[in-house]
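Biologist: Please bring up the model. I have some questions about it.

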Amino acid sequence: MMPVQRDYEFDLPASRLSSWHPDGAGVSHFFNALSLFFPPGERFFIGSVRNYRACVSDDRLKREVKAFIGQEAMHGREHEAYNQQLEEAGLPAAELEQLVKKVLDLVQKTAPNAWQLSVTIALEHFTAILADNLLGNERMLHGAQEQYRQLWLWHALEETEHKAVAYDVWRQAMGDGVEAYVVRCGGMLITGAAFVALVAAFSAVLIEKDASRGARPGRLAAYRPLAGFLLGRDGLLRKGLPAWLDYFRTDFHPWQHDNRRLLRRLKEIAPAQQQRKQLAQAA
Ligand SMILES: [Fe+2]
Ligand SMILES: [Fe+2]
């Protein structure tokens, strides 16, 4: 799978920041919270893969790495604009994003390169699971405001395309011995615990901030659908848990779960982007 860099842009209506998802403020803010991780997170991913560029010997993986960096840079740009809107809407987006940056800067300064890459492949596994659910279960984004839906579909598509790139760099750099397994799985346990705790905390901060400003409907109407979205029959956590556990197999590889068929959903976003480019050229 060769990732394709697409220079897509999205005009997210600020008036819908807290209500763009049909399940209301809770689910909208869950995704908004995730958005806060991407600009600093994706810069960290790029840096941790670049540390090992010299270990990549074959041309195909070199091209994949270049495309991976290109895609993550575009995601960072669009999520920066998204997060800026959250901040302008009076939500503490900059402060929360800064916290993510501080944590990742600390990892970059103190952890060896292997552990940094281990954090990256762990987080890439989380994004791959989220992407697989968003693309594979149409109800996840059904009825969402169209620009938000398109942004999340685009990000999910590209995360799927490049889900194995950092992992393949890891394998070339670290091999598949006992040390590689311990660092990979240790990295996942530490990163996973921190990531889940921060996403939960950030979602709650955004929901509470809205609720404290008297947003209607209130807290219960935010948290209840979010609980269903995460823990219900088709919930993200329930569906994602087996895929997350696969990571601990000694022979794990992201493409053991072959979900390339889901990339056909590109047709839901490509025409609108083409139209957008034509309009920009004509103007
Ligand atoms: Fe990304
Ligand atoms: Fe990614």
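Biologist: Which residues are the protein donors of the iron ion (ligand 2)?

Modeller: This is a predicted model. Donors are N, O and S atoms within 2.8 Å of the metal (3.2 Å for Na, K and Ca); water is not among the atoms, so sites may look incomplete. Here the donors lie 2.0 to 2.7 Å from the ion: Glu 72 (OE), Glu 124 (OE), Glu 124 (OE), Glu 159 (OE), Glu 159 (OE) and His 162 (NE2).

Biologist: What pLDDT do local features need?

Modeller: Residues are numbered from 1 along each chain as its sequence is written, chains are lettered from A and ligands numbered from 1 in written order. Side-chain values use heavy atoms, without hydrogens and water; totals for chains, interfaces and linings use all residues, side-chain atom pairs count only at pLDDT 80 or more, and local features need at least 70.

Biologist: What is the arrangement of the six donor atoms around the iron ion (ligand 2)?

Modeller: Six donors count as octahedral if opposite donors are over 155 degrees apart and all others between 65 and 115; anything else outside the set shapes is irregular. Here the angles run from 52 to 150 degrees, so the arrangement is irregular.

Biologist: Which residue bridges the iron ion (ligand 2) and the iron ion (ligand 1)?

Modeller: The two ions lie 3.8 Å apart. The bridging residue is Glu 72.

Biologist: Are Glu 72 and Glu 124 buried or exposed?

Modeller: Buried means under 20% relative accessible area, exposed over 50%, partly exposed in between (1.4 Å probe, protein chains only). Both Glu 72 and Glu 124 are buried.

Methods. Tetrahedral: all angles 85-135°; square planar, octahedral: opposite > 155°, others 65-115°.
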